[in-house]
Amino acid sequence: MTTRPTFTELLDWVEGRLAGDRADAVASYVAAGDPATTASVEWIREFIAGARSMPLSEPPPELSARLRNVFEELHRPGHGDGWSDASLLHDTRTGLAVAGLRSLDDDGVHLAFDSEIGRFVLDATAAGAGEVDIQGLIMLAPGTRGVDLAFLERGDLRRAVRSTPDGRFDARGVPVDVDELWLTSGATRVRTVLDLRR
């Protein structure tokens, strides 16, 4: 096996949900001692041990309702009314310069969009094999407490993050084949095609 396991595969392997040849391949890769993979496995094991050591408690009702809504939206791709499309303003790969937007000198991709939620930018830089780390900022309207972002690959959810109240977001180890991004803030739902390949 030469492909680095994704974080999700490592989690499934540690918890025994990865079966068959794929489990054997992940075990071989972990045994090879790749430093990043070893660190991820150690982090997962420490997180699981820490989680098991804590007593469970009921989340606040408003948090439960929000999580149910997010889950519902993420597992019903494209369903429902009220979706709007974000407009691509800038892509460093096109060579078009827009005032106020920086370019990347490395192997990264810098994208800027306009949307109903607000303008947002994201930088995607190479991480592991077939993955990128994404950092971004959404210009949120006053009073907005954050935005949920979902990165999808052919309709399947691959990463979900929530921005901070000031609009910053960080998604690590996103598959480079992710092709769609959803942003939700309350009843406002925005989606856009995404191309992260260099």
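Let me begin with helix H3, whose buried residues are Thr-37, Ser-40, Val-41, Ile-44 and Ile-48. Around the axis these residues cover an arc of only 95°, which puts them on the same side of H3. I should say at once that what we are looking at is a predicted model, and that everything I describe this morning is to be taken in that sense.

H3 itself runs from residue 35 to residue 53, and its 19 residues reach 27 Å from the first C-alpha to the last, close to the 27 Å expected at 1.5 Å a residue. If we turn to the face of the helix that points away from its buried side, we find the exposed residues Pro-35, Glu-46 and Ser-53.

What, then, covers the buried residues of H3? The cover includes H1 and H2, and that brings me to how those two helices are arranged. H1, residues 7-14, packs against H2, residues 20-31, at an angle of about 100°, and their axes are 10 Å apart. An angle anywhere from 65 to 115 degrees counts as roughly perpendicular, and H1 and H2 are therefore roughly perpendicular to each other. On the H1 side the contact is made by Glu-9, Leu-10 and Trp-13, which meet Arg-22, Ala-23, Val-26, Ala-27 and Val-30 of H2. Sorted by character, the residues of this contact between H1 and H2 comprise 6 nonpolar and 2 charged, with no polar ones.

Let me now leave the helices and move on to strand S1, which spans residues 83-85 and contains Asp-85. Is Asp-85 buried or exposed? With a relative accessibility of 61%, Asp-85 counts as exposed. Leaving aside residues up to four places away in sequence, Asp-85 touches Val-190 and Arg-191. As for Arg-189, 104 residues separate it from Asp-85 in sequence, while in space the two are 8.7 Å apart, C-alpha to C-alpha.

My last point concerns the backbone at Arg-154, a residue in the loop between strand S6, residues 148-153, and strand S7, residues 156-162. Most residues other than glycine have a negative phi. Arg-154, although it is not a glycine, has a positive phi of about 50°. On the question of accessibility, Arg-154 stands at 64% in relative terms, and so it counts as exposed.

To come back to where I started, the picture I would leave you with is of H3 with its buried residues on the same side, covered by elements that include H1 and H2, and with Pro-35, Glu-46 and Ser-53 exposed on the face turned away.

Terms used:
Residues numbered from 1 in each chain as written. Predicted model: local features only at pLDDT ≥ 70, side-chain atom pairs only at ≥ 80, totals over all residues. Heavy atoms only, no water. Axes fitted to C-alpha atoms, helices over the stretch in contact; angles between N-to-C directions. Helix = DSSP H or I, 4+ residues; strand = E, 2+ residues; numbered from the N terminus. Parallel < 35°, antiparallel > 145°, perpendicular 65-115°, else oblique. Contact = heavy atoms within 4.5 Å. Nonpolar A, V, L, I, M, F, W, Y, C, P; charged D, E, K, R; others polar. Expected span 1.5 Å × (residues − 1). Buried < 20%, exposed > 50% of the residue type's maximum accessible area, 1.4 Å probe, protein only. Arc of directions from axis to C-beta.
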